[in-house]
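Got a fold to poke at and some questions to go with it. Let's take them one at a time.

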Amino acid sequence: MRVFVTGATGFVGSAIVKELINAGHQVLGLARSDASANALIAAGAEVHRGDLTDLNSLRSGAAATDGVIHTGFIHDFTRYKEMCEVDKLAIEAIGAELAGSNRPFIVTSGTALVSPGKLATEAIIPAPGASVHPRVSEQTADAVATLGVRSAVVRLSPSVHDEGDYGFVPMLINIAREKGISAYIGEGLNCWTAVHRLDAAVLYRLALENATPRARYHGVAEEAITFKTIAETIGKQLNIPVVSVPAAEAAEHFGWLSGFACIDCPASNKITRESLNWQPTQINLIADMEKGHYFK
């Protein structure tokens, strides 16, 4: 297939581009800058100039291809609600262009807020309005499916890890460096999930090739890692104390990240493995952290 990829030079998107090309697909990557365009050319992809706020560029990219993978998101957490609206409009624009074609359209979401405190499965679809979270990528993808598009969702783990990660784990490391302690909340038994970036890239390709409308696929290689284990690994690597902080002091210690630091979000990958024959093969999160590149 000829595949349009948004976020094509990002941490996850760049791995997807390579995975698609290695599997024999052609890639048309969205590029906002000359640097992004050059990176795509170097990877063997074609360049489509535009950005997530340029809906015409998204429509024309979708029109020129056999399917779309949407990993692009503007990570401006100071304007998070606004960025979620940009994401919604982007999905709607691409979906409208694909309407009636039965072409695959893979949209990105997350596992963390699917079923906090209980094991999240691919079969769980939160009811509209069940969450106050402003990102509505899943609901928008479902709406697009009614237009005759094979839109499906890949839910990524809170930690998508590999060298170059700039997500939650590096943020926790930076907080630990600043505070001089590596902290967890209470007993630290709340769980996160994780997936290696290269395993996630394979998942996106398989989802594209086998998409079922309104399906959910879980980018989860490790279904439950206690937050305390992550904090202990950070403490060991930085040679600083590992301590428990009371829930009442979590916001003071972790700042805006406290909501994620306390969330308990184990998630299953059983349906994803069985339906796509996806088999994660890369190293786990803790082993990746112990390689040292997170702490350079």
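Q: Which residues form one aromatic cluster in this model?
A: Keep in mind that this is a predicted model. A search through the whole structure turns up six aromatic pairs. One aromatic cluster is made of Phe168, Trp192, Phe227, Phe254 and Phe260.

Q: Is the Trp192 and Phe227 pair stacked or edge-to-face?
A: The ring centres of Trp192 and Phe227 sit 5.4 Å apart, and their planes are at 70 degrees. Planes over 60 degrees apart count as edge-to-face, while those under 30 count as stacked. At 70 degrees, the Trp192 and Phe227 pair is therefore edge-to-face.

Q: How many residues apart in sequence are the parts that Trp192 and Phe227 tie together?
A: Both Trp192 and Phe227 are buried. Trp192 belongs to strand β9 (residues 191-196) and Phe227 to helix α8 (residues 227-238), so the pair links parts whose separation in sequence is 35 residues.

Q: What radius of gyration does the protein chain have, and how does it stand against the globule rule?
A: The chain's secondary structure adds up to twelve helices and twelve strands. For 296 residues the globule rule gives 19 Å, and the chain comes out close to that, so it is as compact as a globular protein of that length. Along the principal axes, the C-alpha trace spans about 55 × 40 × 35 Å. The radius of gyration itself is 19 Å.

Q: What percentage of the chain's contacts between residues at least 6 apart in sequence join residues at least 24 apart?
A: For background on packing, buried residues make up 52% of the 296 residues. Among contacts between residues at least 6 apart in sequence, the share joining residues at least 24 apart is 80%.

Q: How far apart are the mean positions of the positive and negative charges?
A: The accessible surface of the protein chain is about 12700 Å², with 52% belonging to carbon and sulfur atoms. As for charges, there are 25 positive and 31 negative ones in the chain. Their mean positions are separated by 2 Å.

Q: Is Gly29 buried or exposed, and what is its relative accessibility?
A: Gly29 is part of strand β2 (residues 26-31). Leaving out residues up to four places away in sequence, Gly29 touches Val5, Ala8, Leu40, Glu46, Val47 and His48. Its C-alpha atom is 6.7 Å from that of Leu40, eleven residues away along the chain. Gly29 counts as buried because its relative accessibility is 0%.

Q: How many of the nine residues of α5 are buried?
A: The buried residues in α5 are Ser137, Glu138, Thr140, Ala141, Asp142, Val144 and Ala145. They pack against α4 (80-98), β5, β6 (150-156) and β10 (216-219). The helix is largely enclosed by the rest of the structure, because the buried count for α5 is seven of nine.

Q: Which residues does Ser115 touch, not counting residues up to four places away in sequence?
A: Ser115 sits in the loop between β5 (104-110) and α5 (137-145). Its relative accessible area is 8%, so Ser115 is buried. Outside that sequence window, Ser115 touches Ala120 and Ile124.

Q: What is the phi of Arg214?
A: Most residues other than glycine have a negative phi. Arg214, in the loop between α7 (197-210) and β10, has a positive value. Arg214 is partly exposed, with 46% relative accessible area. Its phi is near 70 degrees.

Q: Is Asn239 buried or exposed?
A: Asn239 also has a positive phi, about 60 degrees, although it is not a glycine. Its place is in the loop between α8 and β12 (242-245). With a relative accessibility of 69%, Asn239 counts as exposed.

Q: How far apart in space are Leu198 and Val12, C-alpha to C-alpha?
A: Leu198 lies in helix α7 and is partly exposed, its relative accessible area being 36%. Beyond its neighbours within four places in sequence, Leu198 is in contact with Ala15, Asp162 and Gln282. Leu198 and Val12 are 186 residues apart in sequence, while their C-alpha distance is 8.1 Å.

Methods
Residues are numbered from 1 along each chain as its sequence is written. This is a predicted model: local features need pLDDT of at least 70, side-chain atom pairs count only at pLDDT 80 or more; totals for chains, interfaces and linings use all residues. Side-chain values use heavy atoms; hydrogens and water are left out. Helices (H or I, at least four residues) and strands (E, at least two) are DSSP runs, numbered from the N terminus. The radius of gyration is taken over C-alpha atoms; the globule rule is 2.2 Å times the number of residues to the power 0.38. Buried means under 20% relative accessible area, exposed over 50%, partly exposed in between (1.4 Å probe, protein chains only). Contact means heavy atoms within 4.5 Å. Accessible areas come from the Shrake-Rupley method with a 1.4 Å probe; for residues, only the protein chains shown count as cover. Lys and Arg count as positive and Asp and Glu as negative; His and the chain ends are not counted. The place of a charge is taken as NZ of Lys, CZ of Arg, CG of Asp or CD of Glu. Rings of Phe, Tyr and Trp (its six-membered ring) pair if their centres lie within 6.5 Å; planes under 30 degrees apart count as stacked, over 60 as edge-to-face and the rest as tilted.
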